[in-house]
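Reader: I am new to this structure. Please take one part and look at it closely.

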Amino acid sequence: TLLRKELENYEILDVLEGQVGFSKLIIFVIAFGLYITSVFFGLTVQMLCAVLHYAFPAYSTIRCLHRSEKSEYRHWLTYWILLAFSNIMEELLLERLYPVFPFYHAFKLGFFIWCQSLQHRGSVFVYSQLLTPFLKRHSAVMPTM
């Protein structure tokens, strides 16, 4: 169909198709459904962030566990650690920054999509290069690595 031909032009759909195992058409339908739902029901970027921060990673983590893909374990474990750390920092500090940083949730959404990417391994990079050194400097509880 015409839609399937059009979807072939988007490289990001190739990446998503390989990562989640859904066809491009299904990915498009899900994304379009989320968009329509957000428009009709007034979901905010904050709500969309919550869905995308938890739903896809949970699915991917479960899939990783059932497929016994040990190479992906580190990726998803570090993703969940980063998300937990982010949520804690958000509750403690960032509530005051929302008025100053109006696109915070959009930035956070993009950042965590990058962290979710198996191709870029963003969560492993941030964990090993930023979070681990920070925790080592500020905590006696951090195990030696």
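Author: What follows is a close look at one helix and a residue that meets it. This is a predicted model, in which local features need pLDDT of at least 70, side-chain atom pairs count only at pLDDT 80 or more, and totals for chains, interfaces and linings use all residues. Residues are numbered from 1 along each chain as its sequence is written, and side-chain values use heavy atoms, with hydrogens and water left out.

The part is helix α5, residues 70-92. Helices here are DSSP runs of H or I with at least four residues, numbered from the N terminus. The expected span of a helix is 1.5 Å times one less than its number of residues. For the 23 residues of α5 that gives 33 Å, and the end C-alpha atoms are 34 Å apart, which agrees.

Several residues of α5 are buried, among them W76, Y79, L82 and L83. Buried means under 20% relative accessible area, exposed over 50%, and partly exposed in between, with a 1.4 Å probe and protein chains only. The polar residues E72, T78, S86 and E90 of α5 are buried too.

H75 also lies in α5. H75 counts as buried because its relative accessibility is 0%. Not counting residues up to four places away in sequence, H75 touches C115, Q116, S117, L118, R121, S123 and V124; contact means heavy atoms within 4.5 Å.

One of these partners, S117, sits in the loop between α6 (104-116) and α7 (122-138). S117 is buried as well, with a relative accessible area of 9%. Leaving aside neighbours within four places in sequence, S117 is in contact with Q19, H75 and G122.

Technical notes: Helix = DSSP H or I, 4+ residues; strand = E, 2+ residues; numbered from the N terminus.
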